[in-house]
Amino acid sequence: MPSFTEARSIILDRVAPLGVERVDILEAVGRVLAENLIAPWEMPLCDNSAMDGFAVRADDCGEIPVSLKVTGYIPAGGRPSAPVEPGCAIRIMTGAPVPAGCDAVVPVEETEDEGGTVRVTGTVARRQHIRFKGEDVATGDMVIARGTLLQPPEISMLASFGKALVPVFRKARVAILSTGDELVELGESPAPGTIINSNALSLAAAVRLCGAEPVIIGIARDNRESHREKLAEGLKADVLITSAGVSAGDRDLVRDVLAELGAEQLFWKVDMKPGGPTAFSMHGPVPVFSLPGNPVSTMITFEFFVRPALLRMMGHSRVVRPFVKATLLEEARKKPGKVNFLRVQATERDGRLVASTAGEQHTGILRTMVNANALVLLPREASVVPAGSEVEMMILRDDVTMLER
């Protein structure tokens with residue numbers, strides 16, 4: 001039985017980035033760049049003014065104040081004018097090209113308009129308030145590396161180099177299958193003994209948060225024919241996730257039918273709680289995650305196993321949520337022999353992370369997943385973890401500050 005880290009390594013060793021597609025630049029937000037961006041030209045393209053003010057020769061401004069004759073005007077987007085002559089100044093706007101002869105720009109706030117001349121009142125140094133050609137990016141520079149997650153700064157840089165279409169790794173198309181005669185779909189009224197198929201929706205939401213495309217393919221009923229039909233449909237996607245039907249009961253058919261369809265099972269059961277009865281298979285290039293049916297276990301095993309795989313397939317370089325140090329505020333008890341994950345509320349207190357239980361830890365208590373924003377790792381051989389202990393904690397939600405420890 002592998003540990004959760006060993007199981008995750010098995011998975012990540014078997015998945016690879018999907019193909020590349022070119023999308024509109026705004027569709028690339030949150031996607032991963034699939035090719036290096038090499039600067040086709042330098043930026044800025046010319047020396048330009050960093051301020052609204054006057055283009056001058058610094059030698060003319062050695063003694064302040066000084067009055068200079070205004071001989072021209074260059075707006076943003078304008079063309080360079082005639083050179084700045086000795087004893088003269090040219091009015092210039094931010095972003096406008098610097099004229100020949102200019103080696104400084106005086107901000108308008110440090111001048112006084114004298115009607116045809118300008119009085120410079122501030123000290124002037126060579127090169128001040130000029131953005132020089134190529135000082136940001138030189139032609140041929142690698143500006144954004146392949147594998148970079150594209151966010152607003154990268155989008156701005158891509159646009160600055162005219163990239164209307166951006167090469168990104170393809171989104172994974174993820175089939176989601178629930179199993180069990182007890183399930184009814186959302187919108188149906190549950191009767192005693194039946195359960196609304198919430199797993200399909202929670203998995204679809206988790207898939208979408210990863211940036212992948214969920215495809216809910218329904219419910220496989222507790223017979224081989226239904227399993228075979230639904231699993232075969234799911235295997236046409238890039239990834240297949242199933243929930244329930246993966247234990248050892250007489251109605252747990254997922255692993256058997258997957259084997260009949262030609263899937264290679266790489267592990268079944270993981271040394272962790274919740275989520276122990278988890279299986280991972282490969283059907284050709286398609287990874288198949290067979291997750292437990294309990295909603296809490298489904299969500300936790302998705303975080304540990306499916307999420308990293310989806311991110312890897314979509315080109316991300318950082319695919320595993322890190323563990324951080326935290327202080328456990330209440331005593332935790334468990335049976336020794338398995339790693340346990342405690343659902344907790346993580347908060348920041350006096351510059352450190354602290355964790356308090358999110359509620360009853362039975363895997364049938366869904367509310368604790370709503371209340372939790374992190375998981376605390378309780379070591380395999382521990383039976384009691386005292387209050388005040390330093391523990392390893394994995395943040396589940398992005399609204400929690402992760403302190404550097």
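## Contacts of Asn48

Asn48 touches Gly95, Ala96, Pro97, Val98, His129, Ile130 and Arg131, not counting residues within four places in sequence. These contacts come from a predicted model. Asn48 sits in strand β3, which covers residues 48-49.

Is Asn48 buried or exposed? Its relative accessible area is 7%. Buried means under 20%, so Asn48 counts as buried. Thr94 lies 46 residues from Asn48 along the chain, yet the C-alpha atoms of Asn48 and Thr94 are separated by 7.5 Å.

## Arg307, a buried charge

Arg307 belongs to helix α6, residues 295-313. Arg307 is buried, yet has no salt bridge. Which side chain of opposite charge is nearest to Arg307? That is Glu303, 4.3 Å away. A salt bridge requires a nitrogen and an oxygen within 4 Å, so this pair does not count as one.

Arg307 also has contacts beyond its sequence neighbours. Leaving out residues up to four places away, Arg307 touches Cys210, Phe302, Val319 and Arg321.

## Salt bridges across the chain

How many salt bridges does the model contain? The count comes to 16. One of them pairs Glu264 with Arg14, at 3.4 Å from N to O. Glu264 lies in strand β18 (residues 264-268) and Arg14 in helix α1 (residues 4-14), so this bridge ties together parts that are 250 residues apart in sequence. Glu264 is partly exposed, at 41% relative accessibility. Arg14 is also partly exposed, with a relative accessible area of 38%.

Another bridge joins Glu260 and Arg228. Their closest N and O atoms are 2.9 Å apart. This pair links distant parts of the chain, with Glu260 in helix α5 (residues 254-260) and Arg228 in helix α4 (residues 224-234). The two residues are 32 residues apart. Glu260 has 42% relative accessibility and counts as partly exposed. Arg228 is partly exposed too, with a relative accessible area of 36%.

## A third pair and a network

The side chains of Arg333 and Glu331 form a salt bridge as well, with 2.9 Å from N to O. Is Arg333 buried or exposed? Its relative accessible area is 63%, and exposed means over 50%, so Arg333 is exposed. Glu331 is partly exposed, at 45%.

Some salt bridges share partners. Through them, Arg224, Arg228, Asp256 and Glu260 are joined into one network. Arg228 and Glu260 are the pair bridged at 2.9 Å.

## The second largest pocket

The second largest pocket has a volume of about 450 Å³. It is lined by 20 residues. Which of them are closest to its centre? They are Arg333, Lys334, Asn340, Leu342 and Gln361. Arg333 thus appears twice in this report: in the lining of this pocket, and in the salt bridge with Glu331.

Two strands, β23 (332-333) and β24 (339-349), each supply at least two residues of the lining. The largest share comes from β24, with 4 residues. What is the make-up of the lining by class? It has 6 nonpolar, 5 polar and 9 charged residues.

How values were computed. Residues numbered from 1 in each chain as written. Predicted model: local features only at pLDDT ≥ 70, side-chain atom pairs only at ≥ 80, totals over all residues. Heavy atoms only, no water. Buried < 20%, exposed > 50% of the residue type's maximum accessible area, 1.4 Å probe, protein only. Lys, Arg positive; Asp, Glu negative; His and termini not counted. Contact = heavy atoms within 4.5 Å. 1 Å grid on protein atoms, 1.4 Å probe; cavity = no way out; pocket = protein on both sides within 12 Å on 5 of 7 lines; lining within 4 Å. Points joined across faces, edges and corners; volume = space filled by probe spheres on them. Nonpolar A, V, L, I, M, F, W, Y, C, P; charged D, E, K, R; others polar.
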